[in-house]
Amino acid sequence: MVIDGASPRVDVAVVGFGPVGMATAALLGQAGHSVLVLERYEGLYNLPRAAIFDDETMRTLAKLGLADALLPKLRVQHSYEWRNGSGDLLIEQGYAETGRSGWAEWYSMYQPDLEEALDRFCQSSPTVQVRHSSPVTAVRQDADGVTLTVGDGEEVRARYVVACDGGNSFVRAALETGQQDFGFSEPWMVCDFRFRRPTAVPPALQLGDPAGPTSIISLGPDHHRFSFMLDSAEAFDTESAPDKVWGRVARYLTPEDADLIRVATYTFRSLVADSWRIGRVLLAGDAAHQMPPFLGQGMCSGIRDAQNIAFKLDLVLDGRAGDELLDTYQTEREPHVRAVIDKGIELGRTQTMRDPELAAARDARLIARRVANDAPEKVRFPGLGPGLLHAGGGALSIQGVVADDRRKGRLDQVVGAGFHLLIRPALLPAVEPYLKALREAGVAVAAPAETGGTLPLVHDVNGTYGAWFDELNADAVVERPDFYIYGTASGTGVAELVKELLAAL
């Protein structure tokens, strides 16, 4: 961190220290950039908001070296049920023990545990400084950087700013960026419990009861959440009384089973900011988009933002890419976010029908669909929109288990994080002339095969990559640091893919 007079001058200032701000700061710090985090609260928020995350997010946490320590504090969930007021199963969504990203597809968590782990990482990073009780009160930028006013007048200078300051983002408002409202807005009461003893409670259940839509979700091994749709935001004042809350959950929990640790009201919203990049300022997480929680993708979407921003800022700050690369952040991420919002609204409206006749028709339709499918449904999200992509790029990559002559593990742990060139062994001679340049550009090369050896030759332990190459009809895949495919190629096109990647870097 460079001190310029009384003003700290850093590569990146991150505004907000929730999970998205933490991940952004951690990833940039891991890459060696100076980061100053400005958080308005005096300490960690220390209350749960998000309840779940997916395998893609876990791959990010593993990249930061946090996964193994977190695992004992998480709960792996394999199904998500949607039932009506009579208990009939309407929708069952299935989640695999091992997803595309090499980890379980659904983890339930108690958010303070995650934030403590991310906070420890940031506090231990030599290039990251975290400042609490530091509200940003003004934003000013020019061609060379951004000046943030902190509190009553201190100024902080940064080359770039990432605003992760939530749905009520001060930075977004200060830059006068509008938002598109998708028209889905509902008041809910959220009640969190800490178990006193082992208790059988549905781990993941949405109740589409016209008399009172309810959500029940695990927050890891020791906590649970019940959420109740309210008739109006004003109803919270009376419905939040502890005796009323216990009355609502009496079918599942008693005061002997658990302690009621929190009751809060939230209005589920669906909003997307018009611009996610304003000059040298980027919006991420809820500052850029808010979505209903019915898919559990709010925090996951913010972590995807952090990954996309971090690797691109790394290239720009190191002078390996021009500033215009940052324009691809919104073009790539917004279509994905909008698809998640649309699906969340669809499921939310399905669950929250208050008209009994319409709900009965819904039940008949969904039961018939479930019987016809005869298997749990899978939720699939789209890939990226146009941006830093070659032909065949944009889809989420996969991560399998590989082994070289020294170790065995998931790909990232064996070959390292960052850009990956994954290639069939028979095509290695085609990229031999570029191996030195790839290494200098920070691209790890791995050739998964039936048997392993010294890198780049690695053992494709479960045949994951061989099957994937066949599925893609490709001989080589370039994977970006945010785990999305940069591009694919076959035969003589492999060398062209590599040359284009090197030019982009």
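The exercises below, each with a worked solution, concern a predicted model.

**Exercise 1. The buried side of helix α15**

Work out how long helix α15 is, which of its residues are buried, and on how many sides of the helix they lie.

Solution. Begin with the span: helix α15 covers residues 493-504, which makes twelve residues, and the distance from its first C-alpha to its last is 17 Å, close to the 16 Å expected at 1.5 Å a residue. Next, list the residues with under 20% relative accessible area, which in α15 are Val494, Ala495, Leu497, Val498 and Leu501. These buried residues span an arc of only 160 degrees around the axis, and therefore they sit on the same side of α15. It helps to recall here that an α-helix has 3.6 residues a turn, so residues three or four places apart point the same way. Finally, look for what lies over the buried residues of α15: the covering elements include the strands β25 (419-423), β26 (443-449), β28 (476-479) and β29 (485-489), together with the helices α12 (428-431) and α13 (435-440).

**Exercise 2. Two helices packed against α8**

Describe how α1 and α2 each pack against α8, giving the angle, the distance between axes, the handedness and the residues in contact.

Solution. Two packed helices are described by the angle between their axes and the distance between the axes. Take first helix α1 (residues 19-30) and helix α8 (residues 298-317), whose axes are 9 Å apart and meet at an angle of about 25 degrees. Angles under 35 degrees count as roughly parallel, and α1 and α8 are therefore roughly parallel to each other. The crossing of this pair, α1 and α8, is right-handed. On the α1 side the contact involves Pro19, Val20, Ala23, Thr24, Leu27 and Leu28, while α8 contributes Met299, Gly302, Ile303, Ala306, Gln307, Ala310 and Leu313.

Now turn to helix α2 (residues 55-63), which packs on α8 at an angle of about 50 degrees, with the axes 9 Å apart. This angle makes α2 and α8 oblique to each other, and their crossing is left-handed. The contact is formed by Glu56, Thr57, Thr60 and Lys63 from α2 and by Cys300, Ile303, Arg304 and Gln307 from α8.

**Exercise 3. Backbone exceptions in loops**

Find where Ser133, Asn473 and Pro456 lie, and state what is unusual about the backbone at each.

Solution. The starting point is that most residues other than glycine have a negative phi, and most peptide bonds are trans. Ser133, although not a glycine, has a positive phi of about 55 degrees, and its place is the loop between β9 (128-131) and β10 (136-141). With a relative accessible area of 48%, Ser133 is partly exposed. Asn473 is likewise not a glycine and has a positive phi of about 55 degrees; this residue belongs to the loop between α14 (464-472) and β28, and its 64% relative accessibility makes Asn473 exposed. In the case of Pro456, the peptide bond leading from Leu455 is cis, with omega near 10 degrees, and Pro456 lies in the loop between β26 and β27 (457-460).

**Exercise 4. A contact between two loops**

Which residues does Arg40 touch, not counting residues up to four places away in sequence?

Solution. Locate Arg40 in the loop between β3 (35-38) and β4 (52-53), where a relative accessibility of 56% makes Arg40 exposed. The C-alpha atoms of Arg40 and His132 are 5.9 Å from each other, although these residues are 92 residues apart along the chain. Arg40 touches Ser133, Ser134 and Pro135, and Ser133 is the residue with a positive phi in the loop between β9 and β10.

Definitions and conventions:
Residues numbered from 1 in each chain as written. Predicted model: local features only at pLDDT ≥ 70, side-chain atom pairs only at ≥ 80, totals over all residues. Heavy atoms only, no water. Helix = DSSP H or I, 4+ residues; strand = E, 2+ residues; numbered from the N terminus. Expected span 1.5 Å × (residues − 1). Buried < 20%, exposed > 50% of the residue type's maximum accessible area, 1.4 Å probe, protein only. Arc of directions from axis to C-beta. Contact = heavy atoms within 4.5 Å. Axes fitted to C-alpha atoms, helices over the stretch in contact; angles between N-to-C directions. Parallel < 35°, antiparallel > 145°, perpendicular 65-115°, else oblique. Left-handed = near helix turned anticlockwise from the far one by under 90°.
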